[in-house]
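User: I would like to work through a protein model and the ligand it holds. Please take the questions in order and explain each answer.

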Amino acid sequence: MNFDVITIFPDFFAGPLSHGMVFQAQKRGLIDVRIHDLRDFTTDRHRTVDDRPFGGGAGMVLKPEPLFRAIRKIQAEKMASARKVILLTPQGKRFQQRIAFQFSSLDQAVLICGRYEGVDERVTECLVDEELSIGDYVLSGGELAACVFVDAVTRLLPGVLNNSSSAVNESFATLEGSLSSAEGSLLDYPHYTRPEEFEGQRVPEVLLCGSHKRVELWRRKKALEKTLKNRPDLLQYTALSEEDKQLLG
Ligand code: 6GU
């Protein structure tokens, strides 16, 4: 899969893209991430990317011309059978696991990092397929959100994770990877590793007992408790069985 990121802070991405799974996926040729400096698509001496909003008000707005030029160049460079242009903005639709899964079937995602007070709406209307936000808070720009998008989508691509089952059991994922948490999923259960005792705290006995059945029940109970404590909103959509109700007490 190809990711094309349009940003005014190209150097921002050096760190996030050169570690861990995203780095490995690039090395193995499973993804290609290209960073485009929006200023390279300006034509004036000052390489101007923004201007004051019509109608007045605070802040600056990203001008349409450099973004149109950048996106058209990216689109012309490559034939892509499934390509989407995505604007990262707090005004977007909320990014969720289900949406990450949908985007993982694309062969190209063009990510525009919003900045300042916004982006000229003609860009959104003419060029953008989807506006995405990563959550209900305001960031100073879309760069962090673009990194979140690349990471969340990359790890769903075939062959990226060596252990294909670990992506399936975790919080927010379902067997198909296609349902959102709001459509029936719990937070993950707690995990422990060695040592068995650390500063007087022992690993729960049940995890050492060797009974697969008892471990499964305990994990289900803990997942239910964790979800009730941290994300009670998710339980609204999760059908609790009689056994679940007993586990929760
Ligand atoms: Cl995608 N951009 C900005 N600037 N703020 C955000 C966001 C995106 N998602 C959540 N907050």
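**The ligand and its surroundings**

Analyst: A backbone N or O atom of Ile134 lies 2.9 Å from a nitrogen atom of the ligand. Please note that the model is predicted.

User: Which other residue has a backbone N or O atom 2.9 Å from a nitrogen atom of the ligand?

Analyst: A polar contact requires a pair of N or O atoms within 3.5 Å. A backbone N or O atom that lies 2.9 Å from a ligand nitrogen meets this limit, and the residue that supplies it is Leu139.

User: How far is a nitrogen atom of the ligand from an N or O atom in the side chain of Ser133?

Analyst: Here the protein atom belongs to a side chain, that of Ser133. The separation from the ligand nitrogen is 3.3 Å.

User: What percentage of the ligand's exposed area does the protein bury?

Analyst: Taken alone, the ligand exposes 290 Å². Of that area, the protein buries 97%.

User: Which element gives the largest share of the shell around the ligand?

Analyst: Two elements give two or more residues to the shell, namely β5 (83–94) and β8 (130–133). The largest share is three residues, and the element that gives them is β5.

User: How many charged residues does the shell around the ligand have?

Analyst: The residues around the ligand include Leu88, Thr89, Pro90 and Tyr137. By class, the shell has seven nonpolar and four polar residues, while the number of charged residues is zero.

User: In which pocket does the ligand sit?

Analyst: A molecule sits in a pocket if more than half of its atoms lie within 2 Å of the pocket's grid points. The pocket in which the ligand sits is the second largest.

Terms used:
Residues are numbered from 1 along each chain as its sequence is written. This is a predicted model: local features need pLDDT of at least 70, side-chain atom pairs count only at pLDDT 80 or more; totals for chains, interfaces and linings use all residues. Side-chain values use heavy atoms; hydrogens and water are left out. A residue is near a molecule or strand if one of its heavy atoms lies within 4 Å of it. A polar contact is a pair of N or O atoms within 3.5 Å; within protein, one must be able to donate a hydrogen and the other to accept it, and residues adjacent in sequence count only if both atoms are side-chain atoms. Accessible areas come from the Shrake-Rupley method with a 1.4 Å probe; for residues, only the protein chains shown count as cover. On a 1 Å grid over the protein atoms alone, a cavity is a set of points where a 1.4 Å probe fits but cannot get out, and a pocket is an open set with protein on both sides within 12 Å along at least five of seven lines; lining residues have an atom within 4 Å of a point. Helices (H or I, at least four residues) and strands (E, at least two) are DSSP runs, numbered from the N terminus. Ala, Val, Leu, Ile, Met, Phe, Trp, Tyr, Cys and Pro count as nonpolar, Asp, Glu, Lys and Arg as charged, and the others, Gly among them, as polar.
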